[in-house]
Protein chains: 2
Amino acid sequence: MAHGDVFQAISDPTRRRLVERLSRSELSVNALARPFRMSRPAISQHLRVLRRAGLVRVRRAGRERYYRLYVLPLRRVHDWVSHYERFWKDKLTALGKYLEETP
Amino acid sequence: MAHGDVFQAISDPTRRRLVERLSRSELSVNALARPFRMSRPAISQHLRVLRRAGLVRVRRAGRERYYRLYVLPLRRVHDWVSHYERFWKDKLTALGKYLEETP
DNA sequence: TTGACAAGTAAGCAGTAGCTTACCTATTAT
DNA sequence: ATAATAGGTAAGCTACTGCTTACTTGTCAA
């Protein structure tokens with residue numbers, strides 16, 4: 001399983017774009033890779049990272065493989081970041097005030 | 001400014017812990033570094049990454065430097081991740097359903 | 001059945017990340 | 001003035017990342 005880290009998985013902009021594309025629909029690797037200027041093996045390797053982080057799953061159909069987004073691991077990121085949300089929403093906290101004073 | 005990437009900045013678990021510690025209060029580097037088993041220069045280097053990502057700011061007081069959290073860059077991460085929130089909250093979407101079917 | 005195509009893996013390479021020890025600078029204390 | 005302290009920077013090392021090209025495997029089409 002190799003169970004990679006989600007934070008690390010989404011730290012790369014290419015992988016974030018892959019996730020974005022998959023949020024619209026399931027896609028074959030070729031379709032996924034189309035807009036990228038990178039070699040297809042590079043994409044395969046990024047997909048491996050996403051797979052290991054549990055962010056995507058593959059369905060084989062003939063000689064194609066369809067990737068589908070599996071968002072649950074993103075929840076960890078969401079939860080971690082949400083903890084700080086109040087600092088930019090609640091301007092009454094010390095840090096929030098500091099924020100306002102310093103542009 | 002060197003304007004580092006926030007996603008990359010928080011991809012390291014040590015840096016996330018630093019951010020967590022700073023969310024409670026402003027801290028000097030020594031105070032910050034106390035619970036870590038790493039050398040202090042290592043911490044300084046992590047702080048530089050956080051600084052470049054705009055996540056912390058320093059205030060000098062005598063020979064100490066107090067680091068303070070500056071959360072605004074986290075908003076980018078929050079926004080990006082929030083876009084996928086509906087996939088685990090709204091179980092009616094295709095991907096949400098898929099999620100339910102596959103444990 | 002021969003070839004084209006989809007996608008993955010392997011090997012190799014340059015660049016960077018994360019750590020260490022050693023050193024430097026500024027401030028405080030004796 | 002001397003030494004201790006806070007913290008940063010530099011150099012160097014290992015390990016990992018992200019890419020490439022070359023090769024492999026499985027599937028479909030002529």
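How many residues surround DNA strand C, and which are the closest? In this predicted model, 22 residues surround the strand. To begin the tour, select DNA strand C together with the closest of these residues: Ser28(A), Asn30(A) and Pro41(A) from one chain, and Ser39(B) and Gly62(B) from the other.

Next, colour the secondary-structure elements beside the strand. Those that give two or more residues to the surface near DNA strand C are α3 (29-33), α4 (40-52) and β3 (64-69) of chain A, along with α4 (40-52) of chain B. Select α4(B) on its own: this helix supplies the largest share of that surface, five residues. Colouring the surface near DNA strand C by residue class then gives eight nonpolar, eight polar and six charged residues.

Now hide the DNA and turn to the two protein chains. Here, 23 residues of chain A are in contact with 23 residues of chain B. On the side of chain A that touches chain B, select α1 (6-9), β3, α5 (74-82), α6 (85-89) and α7 (94-101), each of which gives two or more residues. Within this selection, α5(A) gives the most, with six residues. The residues on this side of chain A comprise 15 nonpolar, five polar and three charged.

Finally, superpose chain A on chain B. A turn of 180° with a shift of 0.0 Å along the axis lays one on the other with an RMSD of 0.0 Å. The two copies are therefore related as by a two-fold rotation axis. Selecting the interface on each chain completes the comparison: 100% of the interface residues of chain A are also interface residues in chain B, so the copies meet through the same surface.

Key: Residues numbered from 1 in each chain as written. Chains lettered and ligands numbered in written order. Predicted model: local features only at pLDDT ≥ 70, side-chain atom pairs only at ≥ 80, totals over all residues. Near = placed C-beta within 6 Å. Helix = DSSP H or I, 4+ residues; strand = E, 2+ residues; numbered from the N terminus. Nonpolar A, V, L, I, M, F, W, Y, C, P; charged D, E, K, R; others polar. Contact = placed C-beta atoms within 7 Å. Least-squares fit on C-alpha atoms with pLDDT ≥ 70 in both.
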